[in-house]
Amino acid sequence: MALLVCASSALTPATAQQTPTLNSRLSGDLVPTHDPVIAREGDTYYVFGTGMSARSSRDLVHWTLGKPLVDNRLPEWATKAVPGAKGMWAPDISFANGRWQLYYAVSTFGSNRSAIGLFTSPTLNPAAPGYGWRDEGIVLMSTAQSDFNAIDPNFIVDRQGRHWLSLGSFWSGLKLFALDAKTGKPTDPTATPTSIARPPAPKGAPAPVEAPFIFDHGGYYWLFASYDYCCKGVNSTYYTVVGRSRAITGPYLGKDGSAMMTGGGTIFLRADLPEKDRFRGPGHVGFLHDRDGNDYAVYHAYDRDNQGAPTLRIAQVKWAADGWPQAEN
């Protein structure tokens, strides 16, 4: 009898370790998903991605692909601002001033002649009265003379009610722009943005950092950023770091005090370990603080078991005793 009790006790930790994670339970239309962001309206979760793809779920587990948010043909202003651009990338969703705001990027691969646009809608539900995305035009842009790249936008309202937009990819790293709270566009288009993250690199060499996402938790502003290279399928070397700051403008530091302005931070997501080696290049993280109190990180990763397809991933975020976030992958 004692042996039986001992055996039962020995199995308990193993059983606990086998509790399925949210990622392991995801099903439905997960592919292709690139540069995702997540929001909740009513009893429905929505994930939007590059190409203006739209997915929805009632339980965060089973996802259904819907019609694109808008026709992926570019607005006329965008074709003039960024010649050669073919579609809309990396949308960011937020709710402010009684409307949903969808910031997005227009660019061509490897160029920093890029622009951020804005659509707004009173609701995310395509079946709801009043649904529809209004083109609010250009927000800001970068050119070959700029030291940043105007892609991968992310919107946040700080504790003082000020509106901000972070963005960036390569060049001199991630930037933060102050916005007019009414228009959702820069308060001063000529102002120099604040730099918030930049890996070290020799002059003229690539400095791979992109996809900023800032959120407020526990008295700190937290910055997610993706380092290294995406968009290479299973050969992608993308990984995601996080830093925190008391001020929204930084400096953002990792757990060890390393500064994200010099390539520091704390690793939040990285590729599966070699013994598993399935999901590669996890990055472009979005964050959701759900109304039930749970926190989630949405991102894409390349699935080695599915020809390297960019795949929707969602991890519940737990806060460790030291106050730092951990992804339950």
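A polar contact is a pair of N or O atoms within 3.5 Å. In this predicted model, such a contact of 3.1 Å joins the side chains of H62 and S27. The points below describe the surroundings of H62, an open sheet of 4 strands, and two nonpolar cores, one of 41 residues and another of 16 residues.

**Surroundings of H62**
- H62 belongs to strand β5, which covers residues 62-65.
- With a relative accessible area of 42%, H62 is partly exposed.
- Not counting residues up to four places away in sequence, H62 touches S27, G28, S56 and S57.
- R25 lies 37 residues from H62 along the chain, and their C-alpha atoms are separated by 8.3 Å.

**The open sheet**
- The strand order is β6-β7-β8-β9, and the pairing is antiparallel.
- The edges are formed by β6 (89-96) and β9 (134-142); each has a single partner strand, so one side of each is left without a neighbour in the sheet.
- On average, neighbouring strands of this sheet are turned by 20° against each other, direction ignored.
- Strands β7 (residues 99-106) and β8 (residues 114-121) run antiparallel and are joined by 7 bridges.
- V106 has A115 in β8 as its bridge partner.

**Nonpolar cores**
- The largest nonpolar core contains 41 residues, and F48, I93 and W133 have the most contacts inside it.
- Strand β7 gives the most to this core, with 4 residues.
- Leaving aside neighbours within four places in sequence, W133 is in contact with residues including L69, V70, I93, W100, L102 and F119.
- Another core, of 16 residues, lies apart from the largest one; among its members are I196, I214, Y221 and V241.

Methods: Residues numbered from 1 in each chain as written. Predicted model: local features only at pLDDT ≥ 70, side-chain atom pairs only at ≥ 80, totals over all residues. Heavy atoms only, no water. Pairing = 2+ DSSP bridges. Axes fitted to C-alpha atoms, helices over the stretch in contact; angles between N-to-C directions. Core = buried A, V, L, I, M, F, W, Y, C linked by side-chain atoms within 4.5 Å. Buried < 20%, exposed > 50% of the residue type's maximum accessible area, 1.4 Å probe, protein only. Contact = heavy atoms within 4.5 Å. Polar contact = N/O pair within 3.5 Å; in protein donor to acceptor, adjacent residues only side chain to side chain.
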